[in-house]
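Visitor: Please take a close look at a single part of this model, one sheet and the strands that build it. I would like the pairing, the edges and any aromatic contacts that bear on it.

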Amino acid sequence: ASRQRQMVIRDSSRGRSSGEDYATVAYNGATGARLWVSRYNGPGNRFDRANSVAVAPGGGKVFVTGESIGRTSGVDYATVAYKAGTGAQVWVRRYNGPANRLDGASSVALSPSGSTVFVTGTSAGATSGEDYLTVAYAAATGTRLWVRRYDGPAHRADVADAVAVSRAGGKLFVTGTSTGATSAQDYVTVAYAAATGTRLWVRRYNGPANKADQAASLVVGPGGAKVYVTGQSLGKTSGSDYATVAYGATTGAQLWVRRYNGPANRDDVANSVTVT
């Protein structure tokens with residue numbers, strides 16, 4: 001992502017006396033030479049696990065997010081910005097939800113200009129169970145710009161797994177799994193105005209079995225007109241199938257749904273989607 005064509009890896013790594021820490025490693029993309037390693041140990045000095053990494057469009061910064069134990073706040077979102085060239089830490093921002101319990105970030109994305117960092121995941125609400133929780137930060141300083149929660153109709157488990165930004169930068173899309181009032185778990189995709197966090201639309205997908213439907217990944221089409229979501233969805237007689245849904249980016253209108261049931265007629269689980 002820089003002039004050296006870096007490749008960046010993130011996850012967790014056990015420290016000598018710090019429990020599990022974020023460990024971010026940069027490699028030269030051409031040779032595999034290690035360029036730098038940076039660790040993040042949260043204030044609880046215990047469990048810190050990185051779940052997602054993104055590089056600024058200009059290649060100047062790397063952003064890592066995940067979940068980290070605080071001193072008295074349970075598990076929090078923790079988002080760390082590094083200089084891509086050296087691995088020097090630029091800023092750290094933590095988010096502790098209103099229940100002061102489990103808050104875990106799952107995905108991070110950058111605006112096309114590189115000016116805004118978007119983080120999504122799951123946060124325990126004061127009275128709403130687990131909610132989608134999406135935060136926008138200024139990439140340069142880590143200043144929080146807005147926070148938005150999504151609580152599904154059952155007021156129970158709503159778990160966000162992926163975030164993506166439209167190519168023009170005007171819209172933000174979040175997808176994951178949400179408990180329905182009468183439908184068990186559904187795909188739920190939410191669109192926001194990227195600048196303000198204003199919610200534009202919410203769309204749910206309930207598969208034919210009316211049971212477990214779990215979204216895992218989404219991508220915005222190259223022209224920005226469509227959003228594609230994939231994951232696993234229980235069929236009436238086929239176990240879990242791949243289920244991929246296309247939506248119109250402006251209105252959230254469902255354009256098509258395609259399911260794939262493998263030859264064993266059992267569990268088929270999609271984890272990632274991309275577009276040509």
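**The sheet from S16 to S19**

Guide: In the hairpin formed by S16 and S17, 5 residues lie between the strands, and Gly224 has a positive phi near 80°. This is a predicted model, and the values that follow are to be read as such. The two strands of that hairpin are antiparallel and are paired over 7 bridges. Within this pairing, Ala215 sits opposite Gly231 of S17.

The hairpin belongs to an open sheet of 4 strands, ordered S16-S17-S18-S19 and paired in the antiparallel sense. The edge positions are taken by S16 (213-220) and S19 (254-260); each has a single partner strand, so one side of each has no neighbour in the sheet. On average, neighbouring strands in this sheet are turned by 20° against each other, direction ignored.

An edge position says nothing by itself about burial. For S16, 6 of the 8 residues are buried, so the strand is largely enclosed by the rest of the structure. S16 thus lacks a neighbour in the sheet on one side, yet is largely enclosed.

In the middle of the order, S17 (residues 226-234) and S18 (residues 240-248) run antiparallel and are joined by 9 bridges. Ser233 faces Asp241 of S18 across this pairing.

Aromatic rings come next. The model holds 13 aromatic pairs. One of them lies outside this sheet and serves as a reference: Tyr77 and Tyr95 are edge-to-face, 5.7 Å centre to centre with 65° between the planes. Tyr77 is in strand S6 (residues 75-83) and Tyr95 in strand S7 (residues 89-95), so this pair ties together parts 18 residues apart in sequence. Both members are buried: Tyr77 has a relative accessible area of 0%, and Tyr95 one of 8%.

Within the sheet, Tyr242 and Tyr260 also form an edge-to-face pair, with 5.5 Å centre to centre and 65° between the planes. Tyr242 belongs to strand S18 and Tyr260 to strand S19, and the pair links these distant parts of the chain, 18 residues apart. Here the rings belong to residues that are partly exposed: Tyr242 has a relative accessibility of 35%, and Tyr260 has 44%. The reference pair, by contrast, has Tyr77 buried at 0% and Tyr95 buried at 8%.

Elsewhere in the model, ring pairs also join Phe63, Trp91 and Tyr137 into a cluster.

Terms used: Residues are numbered from 1 along each chain as its sequence is written. This is a predicted model: local features need pLDDT of at least 70, side-chain atom pairs count only at pLDDT 80 or more; totals for chains, interfaces and linings use all residues. Side-chain values use heavy atoms; hydrogens and water are left out. Two strands pair if DSSP finds at least two bridges between them. Axes are lines fitted to C-alpha atoms, for helices over the stretch in contact, and angles run from 0 to 180 degrees between N-to-C directions. Rings of Phe, Tyr and Trp (its six-membered ring) pair if their centres lie within 6.5 Å; planes under 30 degrees apart count as stacked, over 60 as edge-to-face and the rest as tilted. Buried means under 20% relative accessible area, exposed over 50%, partly exposed in between (1.4 Å probe, protein chains only).
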